[in-house]
Every structure is written in structure tokens, then in C-alpha cells.
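Subject: Structure for you, with notes

Hi,

Here is the structure I promised to pass on. Have a look at it first, and then read my notes underneath.

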Amino acid sequence: MQFKRKEMVGWYKVKQLATVGLKALVSTLFGNYADRRELQAALSGPEVYNFSEQEDIWFDYVADIGDGFNSVYSVATLLARNQLSLGGIPTNRGKILIMGGDQVYPTPEIEEYDNRLRGPYQAAYPQCEDTHQPALFAIPGNHDWYDGLTNFLKVFCQGRHIGNWKTRQKRSYFAVKLPHHYWIWGIDIQLNSDIDQPQKNYFKDVAENSMEPGDKVILCTAEPSWVFKDRYRMHDSFDRLKFFENKFIYHYQFQLVATLTGDMHHYARYAEMVDGQEKSQRITAGGGGAFLNPTHNLNQHLKKIEEEHLELKAVFPDVETSRKLAFETLLFPYFNKSFSFLLGIFYLLLAWVMETDAIYVSSYAEQLTEGYAGESLMYELSQLTTLESAMRAIFRVMIHSPLSFILCGTLVISFSWFADSHVGKIKHLWITGILHGLFQLITGFLLLWLFSIINLKLLGLSLVSVSQVSLITFEMLIIGSIAGGVIMGVYLLISSLVLGMHDTEAFSAIRCPHYKNFLRFHLTEDELIIYPVGIEKVVTDWKLVSKEEEQPVFEGEPVEAHLIEQPIVIKRSLHHIKREAIRR
């Protein structure tokens, strides 16, 4: 299929921020009124997808996928390989591929699905009717939900192909039966909401009519609610997850062996510890292609989850690397030119308004140029030599200029609202947003003072000359953009490294395409083995070598994969061994 190779999403592009913000608002406000899951339930029965008729099975899990081509395609090529050696261990391509949420960024238009997901996966593993076609199942993340699941249902719930993987599900949630009493359950949490009644009915029917006590469940959900519960002061998604587990897993005496999720774009494995042994796994593996999330603010023990003793066992990238990457936020103006330029425009607008309003509030009576009636803030600033006197002159204009006051207040309030105040190591972090806004404001004032001295005093330009107006415009837009962007980067760096907040905002600013991951599973009669696959550096020099309309071919350096940690082995329980012995 034809598709466009996309760069990684620029989350600080002004147009992008507005579009995503609007879609998120609309989907949150009207999501319950446009919930297509009830229609899915009405049109399809409670189907169970059976893969249990074999002695062993390989299957893969990948999440947070459809972003920049280089990272998405690098991961897809590994998933497509018939065999992949990991630390000298040969592993096979999965007969099932589970996509764990956020299959496309930033919003779920069908063109984005084509360009950021279906196109790269088709190129990596072309559709071929003459070969075995692995089954594909997906759960929606918040970005898939921004259109009320309209395009998610078209892509994943109508028996279509994504490359040579064939979609099988009819709803946005599913139950897959594996050999040896294992199951994969994928649930749809719909923008952090309660699980809908048709979905509850579906899993109740599966539990009562298709499963037996002691069966093992691998649960796939769209966010690491155990981490959110620990880090956020007001977050109840883990309570809803536990409600589901208690009502539909533990109530029927099933065993939850692992919970898989994405949403945070790194690898992090927490294990529930009982008497020094690992009872179950909670694994975040959101490394399918989206920008990297840091790992340095994850707590070793999740103290707020009293009912489970969750201990952090492994992360990728490691904490030291994560901290080093955080310093790239200092290059914020380079990575995010649009947002930085917006700050420069604000500085210019504020200077323009204050200079205009100074005519009415200045205490000086001297006319500056022939034919110019009024006083000038810039001229006054050009004659001042101390910071105190300059700030006093600016403040005098600001408090007598309603529009200037509104602009200044809007800036401070906006950055206060931006502050991630529900997470972090201390309370009342909204104050950091106010301080950030004030620093941005003071930067604009200092630039106005500096450029007044340079243009009017040192260069001797006339205040109303074309050359001076052009120069101050250039200075504010270029130098102001850089200065405002650097302050934004410093704020994000301090927030992430010191205050433990703004992890997503900081790392989305640098758009790191590397440190990807996915999970590979091998289920045999005796054990379930989980292989955490890491890609330290994705290939960035893919070249199109065949321009066939339906099947483009790309070549580049080999994608190098490794084991993030030693394979996680879950042994078969004695309960099942005894039960099968009795049957025989």
C-alpha cells in the first residue's frame, strides 16, 4: 500500500497542541454518549478465540506504536522475522500479535493509521495469502479513543490485514484461549472510565462458560495504573483495575500471572513479591515506536498499593541513561521551534502593547521626536542603567495598562495550569508553574530593556524609524524565541530531575526515537517464558529501494535487538499437573 513516511510527532507544535487538545476535550465530554462498544456487543456474540490445539505457542506483545517511521519500522521488522536470536537464544515469530494501545499518534484519522501503522507493518511483513498469517488483536488506548473508536473499529474489528497479520476480533476487547490453561484477556478502559456493562457481560460469560478454576490469565490493559496510583495524588484507575480483577479473575479462582500495558513509553517490570518469590508480573512495555518516556522517577517499591508488594525488577533504558537524556531538554528551542517562536511572538506583542500604552501613563513630559506626541517606554528604558529602575518603569506601565496586565496574567496562569501538580515529590507543585510563568515574563521585560539600550542608545536609531521597528521585531522573534525556549527547557529539566514531575512533557519535547521494546512469549506444557526485547538504537537511514505501488521495500543497517533482562520464567503450577493426572 502507498503511505507517507512520517517524522515523529511534534507535540509542541502549536497547531498540533490545539488539534490534540480539542479532540481530547471532545472525546472526554462526549465519549460516554458516543460509546460504540454497545453497538459492537449488539452485533456480535461473546466470541472466544481458540489457539489451544497445539503443544506450544509463540506470541508477541507491542504497544504505543504508530509514530515516526524509523522507530515503528525498526520494531516491525523484528516482529516480522521468522526467527530472532536473543542472547544466543533462538525465538520464533509469534503466531499471535497483541497490540496494547495507542496504535496511532497523535489522533486516529484513517490517514494516520495508514501512514504510521499499516504502511510500515505492510512493508516489514507483506501480506501473502500462501503463508501462515499470524492473528492480530488490539486494545484501544486514549489516542485511539479520540474519535470514539470510529477508525479503530474499521482497522481492527473487520477482519482486515495489517501486513501479513490478520485482525480477528469483533469488539474492542477480547479473550484468547491458549494451550495449557492459559488465556489472554484484553480490556478496553475507554479514556480512564469504568468498564462498560456489555464488556463485563462478555468476560463473565467467558469465565463461567469457557474456563475452569485454576486457569491462568495474562491481562492486557491500556495504562500502568499501578504506577499512576503510586505517583499521582488523585488517580483512581488502579481501583477500577482491581475491581475488574477481583470480580472476573479472582472471584472465579483464576490466576493472574501477568498484567501487560503500554502508555508509558519504556520498559518497566514490577513483580508482586510473596515470601521472597515473584507471584505475578506487572509489566509496562510501551516501546513500539512512540517517543521515549524516562525511567528515573519510577519508585523501587509502590508503597501506596498496600494490597500488593510490588517491587521494581528491571527498567529500560537504565536510570543513568534516562537522566542523561533529560539534559537534552536544554535544546528545547532546537527541537520545538514552533512553540519557542510562539513565546517570541508573545514577547513582541507585549512590548508593542506596553510601548503604545506608555503614551498615557508616562510621568515624563519630553517629546522624543519631531511630530511624535507622547512618551516612550523604550526611550525611558534606554536611559536607565539599573535593573531596579528598569523594572520600576515597566511595572508602572503594566499596572496602568489593562491589556498589558491581561497579557501578563494570561501567561502566568497558562504556565500554572500547565504544571503537572498532581504528581511529584512534594505538594503544591502548581507554584512551580507560577514561578515558570514569572520567569518567562521577566525574560520578556529584560529583553525589552536590552534591545531598547542597543537600538536607541548604542545604535542611535530613531524610535519610529523603519529600521528600529524592523530590528526590534527581529530581535524579539529570534532572540526572544531562543531565550523563551531555553527557559522552558530548564523548567522541564528541573521538573524531571529534581521535582519528579513533567516526565511526559520533558521527553516528548526531545522526541527520542531510540530505546524501543516489545515482549515475546513462549508457552510450553511446562512453563511460560517472557523475553523482554530491547532496541537501543533504531535504524535512521532506511532507504526506499523498490517503489512498487503496493509493496515498497526499504533497506538500512541491521536492527540490533537484545534481551533487556534475563527471560522471565513462569513455571506450570502443581494444581494443573494434579488435575490433568486425575483426568487421565
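One thing before you start: this is a predicted model, and everything below is computed from it.

**The second largest cavity**

By class, the lining of this cavity has 7 nonpolar residues, 1 polar residue and no charged ones. The residues in question are Y347, L350, A351, M354, G444, F445, L448 and M476. If you want to find the spot by secondary structure, go to α11 (337-361) and α15 (430-458), as each of these supplies at least two residues of the lining. The largest share is from α11, which puts in 4 residues. The space inside comes to about 40 Å³, and the structure holds 2 cavities of 30 Å³ or more.

**Nonpolar cores**

The largest nonpolar core has 122 residues, and the members that touch the most others are F59, L178 and W185. Here α11 turns up again, giving the most to this core with 9 residues. There is also a second, separate core of 45 residues, with L79, V155, W542 and F554 among them.

**The eight-stranded sheet**

Which order do the strands of the open sheet follow? Reading across, you get β1-β9-β10-β11-β12-β14-β13-β15, 8 strands with mixed pairing. At the edges sit β1 (49-50) and β15 (310-316), each of which pairs on one side only.

I spent some time on β13 (residues 267-274). It is joined to β14 (residues 277-285) by 8 bridges, and the two run antiparallel. To get the register right, note that A271 has Q281 of β14 as its bridge partner, while V274 stands opposite Q277 in β14. Together β13 and β14 make a hairpin with 2 residues between them, and D275 in the turn has a positive phi of about 55 degrees. β13 also runs antiparallel to β15, with 6 bridges joining them; in that pairing, E272 stands opposite L310 of β15.

Why is β13 largely enclosed by the rest of the structure? Because 7 of its 8 residues are buried.

Elsewhere in this sheet, C220 has its place in strand β11 (residues 216-220). Is C220 buried or exposed? Its relative accessible area is 1%, so with the cut-off for buried at under 20%, C220 is buried. One pair to look at here is C220 and L260: they are 40 residues apart in sequence, yet 4.8 Å apart in space from C-alpha to C-alpha.

**Strand β5 and its two partners**

Another strand to check is β5 (residues 96-99). I96 and I98 point one way from it, L97 and M99 point the other way, and all of them are buried. That goes with the general pattern: in a regular strand the side chains alternate between the two faces of the sheet.

β5 pairs in the parallel sense with strand β2 (residues 57-62), over 4 bridges. It also pairs in the parallel sense with strand β6 (residues 135-138), again over 4 bridges. I98 is a handy reference point for both pairings: Y61 stands opposite I98 on the β2 side, and F137 of β6 stands opposite I98 too.

**Two buried serines in loops**

S376 is found in the loop between α11 and α12 (377-382). With a relative accessible area of 4%, S376 is buried. What does the side chain of S376 make a polar contact with? The partner is the side chain of E355, at 2.8 Å. In addition, a polar atom of the S376 side chain lies 3.0 Å from the backbone nitrogen of Y379.

S465 lies in the loop between α15 and α16 (466-499). At 17% relative accessibility, S465 counts as buried, because the cut-off is under 20%. The side chain of S465 makes a polar contact with the side chain of S467, at 3.2 Å.

That's what I have for now. Shout if anything is unclear.

Cheers

Key. Residues numbered from 1 in each chain as written. Predicted model: local features only at pLDDT ≥ 70, side-chain atom pairs only at ≥ 80, totals over all residues. Heavy atoms only, no water. 1 Å grid on protein atoms, 1.4 Å probe; cavity = no way out; pocket = protein on both sides within 12 Å on 5 of 7 lines; lining within 4 Å. Points joined across faces, edges and corners; volume = space filled by probe spheres on them. Nonpolar A, V, L, I, M, F, W, Y, C, P; charged D, E, K, R; others polar. Core = buried A, V, L, I, M, F, W, Y, C linked by side-chain atoms within 4.5 Å. Buried < 20%, exposed > 50% of the residue type's maximum accessible area, 1.4 Å probe, protein only. Polar contact = N/O pair within 3.5 Å; in protein donor to acceptor, adjacent residues only side chain to side chain. Pairing = 2+ DSSP bridges.
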